[in-house]
Amino acid sequence: MYTNFKAKKKSLGMNKKITDKSENPSTRVFNWKGSVANMADFPSEVLQRIFSFLPYSDLFTSTLVCTKFRDNASDPVLWKRFLIPAMKISQKDGLDRLLSVLKLPRFRKLQLLDLNRVCLAMIKKKKGKVYSPHMKYRKIEQPPDEKRKFLKILEVASKLPLTWLNLSYNDLPSVFVSSPQFLSRLILNIPHVDLFATCRGQGASSDFIGNVLG
């Protein structure tokens, strides 16, 4: 049993001067007296480096700790490859909510965006109600409103530095019936765009994408 703290430090090698901090990662959290250091006092560069190793769930939790953590954990560079659950948000809370999420400052440098099944082809199942083929029992808004909101979402997306965009299963012919040039610019400015099954609405032509890009 140790008789005093100095003897304990010596036995643990705590008197040794460490020149390479990577040799003992705990020095980034504890001082030599064994008390916990306040991470809020760390430089922003150090905090962002630490946050870069966190999964997105923990990164989001970090934004709730304090103001400094929120500011550094919300840096757009840390969120550039985050996959926003667009389909889930649109089906649960609507396209207005999805639009507000895309406008968050942390997503200014977003590189990946999955808008798969966000604006599906609409078909009438019962009088006065409009349903999606993939959501048999879910009532949704009338098609004109959905199309306008989806177009606003794509306008926001066009201003992001995207490297991949997934538009699969969306009713593109009806959305861009009056603005095919916008769709053309959007597709050509992004390196990778998925367009699987985007011409399945009523009256849609299989040549729609070819005509847009032609």
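These are my notebook entries on what I looked up in a predicted model.

**Entry 1. Aromatic rings**

I began with the rings that pair with one another, and the count came to 7 aromatic pairs. One of them joins tryptophan 79 and phenylalanine 82, with ring centres 5.3 Å apart and planes at 80°. Planes over 60 degrees apart count as edge-to-face, and this pair is edge-to-face. I then looked up how far tryptophan 79 is covered: its relative accessible area is 3%, so tryptophan 79 is buried.

Phenylalanine 82 also pairs with phenylalanine 107, and here I noted a stacked arrangement, 5.8 Å centre to centre with 10° between the planes. I asked myself where the two rings of this pair sit along the chain. Phenylalanine 82 is in the loop between helix 4 (67-73) and helix 5 (86-93), while phenylalanine 107 is in the loop between helix 6 (95-102) and strand 1 (112-114). They are 25 residues apart, and the pair links distant parts of the chain. Both phenylalanine 82 and phenylalanine 107 are buried.

I wrote down the group these rings belong to: Tyr56, Trp79, Phe82 and Phe107 make up one aromatic cluster. I also found a charged residue by this cluster member: arginine 106 lies over the face of tryptophan 79, 5.1 Å from the ring centre.

**Entry 2. The sheet**

Next I turned to the strands. I found an open sheet of 3 strands in the order 1-4-5, with parallel pairing. Which strands stand at the edges? They are strand 1 and strand 5 (192-194); each has a single partner strand, so one side of each has no neighbour in the sheet. From one strand to the next, the twist averages 5°.

I followed the pairing of strand 1 with strand 4 (residues 164-166), which runs in the parallel sense over 3 bridges. Within it, leucine 113 has leucine 165 of strand 4 as its bridge partner.

**Entry 3. Arginine 117 and tyrosine 169**

I looked at a second arginine placed over a ring. Arginine 117 lies over the face of tyrosine 169, at 3.7 Å from the ring centre. Arginine 117 belongs to the loop between strand 1 and strand 2 (123-126), and tyrosine 169 to the loop between strand 4 and helix 8 (172-175).

I checked the backbone of both. Phi is near 60° for arginine 117, a positive value in a residue other than glycine. For tyrosine 169 phi is near 65°, again positive in a residue other than glycine.

Is each of them buried or partly exposed? Buried means under 20% relative accessible area. Tyrosine 169 has 19%, so tyrosine 169 counts as buried. Arginine 117 has 24%, so arginine 117 counts as partly exposed.

**Entry 4. Phenylalanine 196**

I looked for what else touches tyrosine 169 and came to phenylalanine 196. Leaving out residues up to four places away in sequence, phenylalanine 196 touches Ser168 and Tyr169. Phenylalanine 196 lies in the loop between strand 5 and helix 10 (208-213). Its relative accessible area is 52%, so phenylalanine 196 is exposed. I also noted the spacing to asparagine 166: the C-alpha atoms of the two residues are separated by 8.6 Å, with their positions 30 residues apart along the chain.

**Entry 5. Serine 62 and threonine 63**

I took these two residues together. Serine 62 is in helix 3 (residues 56-62), and threonine 63 is in the loop between helix 3 and helix 4. Serine 62 has 9% relative accessibility and so counts as buried. Threonine 63 has a relative accessible area of 8% and is therefore buried.

I then listed their contacts, without residues up to four places away in sequence. Serine 62 touches Phe51, Leu54, Phe69, Arg70 and Ala73. Threonine 63 is in contact with Phe69, Arg70, Ala73 and Ser74.

**Entry 6. The nonpolar core**

Last, I looked up the largest nonpolar core. How many residues does it have? It has 40, and those with the most contacts inside it are Ile84, Leu98, Leu115 and Phe150. Several helices each supply at least two residues of this core, among them helix 2 (44-51), helix 7 (143-157) and helix 9 (180-188).

I picked leucine 98 for a closer look. Not counting residues up to four places away in sequence, leucine 98 touches Ile84, Ala86, Ile89, Ser90, Leu115, Val118 and Ile153.

Key:
Residues are numbered from 1 along each chain as its sequence is written. This is a predicted model: local features need pLDDT of at least 70, side-chain atom pairs count only at pLDDT 80 or more; totals for chains, interfaces and linings use all residues. Side-chain values use heavy atoms; hydrogens and water are left out. Rings of Phe, Tyr and Trp (its six-membered ring) pair if their centres lie within 6.5 Å; planes under 30 degrees apart count as stacked, over 60 as edge-to-face and the rest as tilted. Buried means under 20% relative accessible area, exposed over 50%, partly exposed in between (1.4 Å probe, protein chains only). Helices (H or I, at least four residues) and strands (E, at least two) are DSSP runs, numbered from the N terminus. A charge sits over a ring if NZ of Lys or CZ of Arg is within 6 Å of the ring centre and within 35 degrees of the ring normal. Two strands pair if DSSP finds at least two bridges between them. Axes are lines fitted to C-alpha atoms, for helices over the stretch in contact, and angles run from 0 to 180 degrees between N-to-C directions. Contact means heavy atoms within 4.5 Å. A nonpolar core is a set of buried Ala, Val, Leu, Ile, Met, Phe, Trp, Tyr and Cys residues joined through side-chain atoms within 4.5 Å.
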